[in-house]
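Open your viewer, load the model and keep the selection box at hand. We will go from one stop to the next, and at each one you will hear what to select and what to look for.

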Amino acid sequence: MLERLNQALESVERGLDGEVDVAELARTAATSEYHLRRMFSALAGLPLSEYVRRRRLTVAGAEVLAGQASLLEIAVRYGYGSGEAFARAFRAMHGVGPGEARRTGAALVSQPRLSFRLTVEGNSSMRYRVVDRPDFTVVGLKARVPLVHLGPNQAIIDFVRGIDPGLRESLAKLSDQEPHGPVAVCDDLDPSRAEGTELDYYHGVITSAAAPEGTTALPVPAGTWAVFTTSGPAPHAVQELWRDVFTQWFPANPYRGRPGPEILRTRLSPDGAEADAELWLPVEREER
């Protein structure tokens, strides 16, 4: 898998002065476009689209300083429809406009080329199971919140605290399917999975009951799910589990992610410092 990802990165380099076709990159990596975006973001720490943008502006910056082509020629070569659009993007990354950079020889920011390598850690085994589920329904309260990779998500904390305790208790009683009890469900994530992009967040339960008044139902089609468990400090243990699934489990197993909600069941210790968690991710088997 890592070798094919590196081949996809080589294709990115060849397409910097043209079109980078993510669907073609996914074919090179022998996976789906959806899974490629998620895998890249988890491994690289930034979305694929942001990496391509930064690599383009890095190469364009070198040409600006070289002074052999006009700024408009460079802008068009790297996919910008006007000199103004190029100047805005250039300044956002380098902190200086292209004209000023050329005149003064200013120091620019560089996005290095990425390559992925396997490191063997072996510190712990990952507990998981694979489950085929018929269709089911999530019933609960819904909010649109930003994605936070590390640390508490204050928008989610505020949303859950604002739910009437009586309604939370009524919802919990409706739970009649795995994962049992209150769950946090993330759906409709931005394909880039970039920090700060928005997603649909549900605080609810998995149930066969009708949605009570004032709640929202999310139908989920039948499919295969990978279920991971962890215990440790909250929220870091859960966020590290999410990271480890994409950086360790997917590269080592014949599965890839598929579109669908991501479901988290968390049980906190009385002081809220520790968590036992179960993460359900929609997956499909892939040939290797």
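Begin with everything shown as a cartoon: among contacts in the protein between residues at least 6 apart in sequence, 73% join residues at least 24 apart. Keep in mind that you are looking at a predicted model. Ten helices and nine strands make up the secondary structure of the protein. Along the principal axes, the C-alpha atoms fill a box of roughly 70 × 40 × 35 Å. Of the 288 residues in the protein, 44% are buried.

**First stop: the cores**

Select Leu36, Val245 and Phe250. These are the residues with the most contacts inside the largest nonpolar core, which has 34 residues. Now colour the elements that give two or more residues to this core: helix 1 (2-14), helix 2 (22-28), helix 3 (33-44), helix 4 (48-66), strand 6 (223-233), helix 10 (236-252) and strand 9 (274-285). Which element gives the largest share of this core? Helix 10 does, with seven residues. Next, select Ala69, Tyr80, Phe86 and Ala101, which are among the 14 residues of a second, separate core. As background, nonpolar side chains in soluble globular proteins tend to be buried together.

**Second stop: helix 6**

Select residues 83-94, the twelve residues of helix 6. At 1.5 Å a residue this helix should span 16 Å, and its end C-alpha atoms are indeed 16 Å apart, so the two values agree. Show the side chains of Phe86, Ala89, Phe90, Met93 and His94, which are buried. Turn the view until you look down the axis of helix 6: the buried residues fall within an arc of 110°, so they line one face of the helix. The spacing of such a pattern has a simple background: an α-helix has 3.6 residues a turn, so residues three or four places apart point the same way.

Which residues are exposed on the other side of helix 6? Select Glu84, Arg88 and Ala92 to see them. Then bring back the neighbours: helix 4, helix 5 (71-77) and helix 7 (98-104) are among what covers the buried residues of helix 6. Before moving on, click on glycine 95, just after helix 6, where phi is positive at about 80°.

**Third stop: glycine 61**

Step across to helix 4 and select glycine 61, which lies in it. Is glycine 61 buried or exposed? Glycine 61 counts as buried because its relative accessibility is 1%, and the cut-off for buried is under 20%. Leaving out residues up to four places away in sequence, glycine 61 touches Phe90, His94 and Leu108. You met Phe90 and His94 a moment ago as buried residues of helix 6. Try the distance tool from glycine 61 to arginine 88: they are 27 residues apart in sequence, and their C-alpha atoms are 13 Å apart in space.

**Fourth stop: the aromatic rings**

Show the rings of Phe, Tyr and Trp. The whole structure holds eleven aromatic pairs. Zoom in on phenylalanine 40 and tyrosine 51, whose ring centres are 5.6 Å apart and whose planes meet at 45°, so this pair is tilted. Phenylalanine 40 is in helix 3 and tyrosine 51 in helix 4, eleven residues apart. Both are buried, phenylalanine 40 at 2% relative accessibility and tyrosine 51 at 1%.

Now go to phenylalanine 136 and tryptophan 225: their ring centres are 5.6 Å apart and their planes at 50°, so this pair is tilted. Phenylalanine 136 belongs to strand 2 (residues 136-146) and tryptophan 225 to strand 6, 89 residues apart. Phenylalanine 136 is buried, with a relative accessible area of 5%, and tryptophan 225 is buried at 0%.

Add two arginines to this view. Arginine 133 lies over the face of phenylalanine 136, 4.6 Å from the ring centre. The charged end of arginine 258 sits over the ring of tryptophan 225, 5.3 Å from its centre. To finish with the rings, select Tyr128, Phe228, Phe246, Trp249, Phe250 and Tyr255, a cluster linked by ring pairs.

**Last stop: aspartate 190**

Select aspartate 190, in the loop between strand 3 (183-187) and strand 4 (198-207). With a relative accessibility of 32%, aspartate 190 counts as partly exposed. Aspartate 190 touches Thr197 and Glu198, not counting residues up to four places away in sequence. For a last distance, pick alanine 273: the C-alpha atoms of alanine 273 and aspartate 190 are 30 Å apart, with their positions 83 residues apart in sequence.

Key
Residues are numbered from 1 along each chain as its sequence is written. Side-chain values use heavy atoms; hydrogens and water are left out. A nonpolar core is a set of buried Ala, Val, Leu, Ile, Met, Phe, Trp, Tyr and Cys residues joined through side-chain atoms within 4.5 Å. Buried means under 20% relative accessible area, exposed over 50%, partly exposed in between (1.4 Å probe, protein chains only). Helices (H or I, at least four residues) and strands (E, at least two) are DSSP runs, numbered from the N terminus. Contact means heavy atoms within 4.5 Å. The expected span of a helix is 1.5 Å times one less than its number of residues. The arc is that of the directions from the helix axis to the C-beta atoms. Rings of Phe, Tyr and Trp (its six-membered ring) pair if their centres lie within 6.5 Å; planes under 30 degrees apart count as stacked, over 60 as edge-to-face and the rest as tilted. A charge sits over a ring if NZ of Lys or CZ of Arg is within 6 Å of the ring centre and within 35 degrees of the ring normal.
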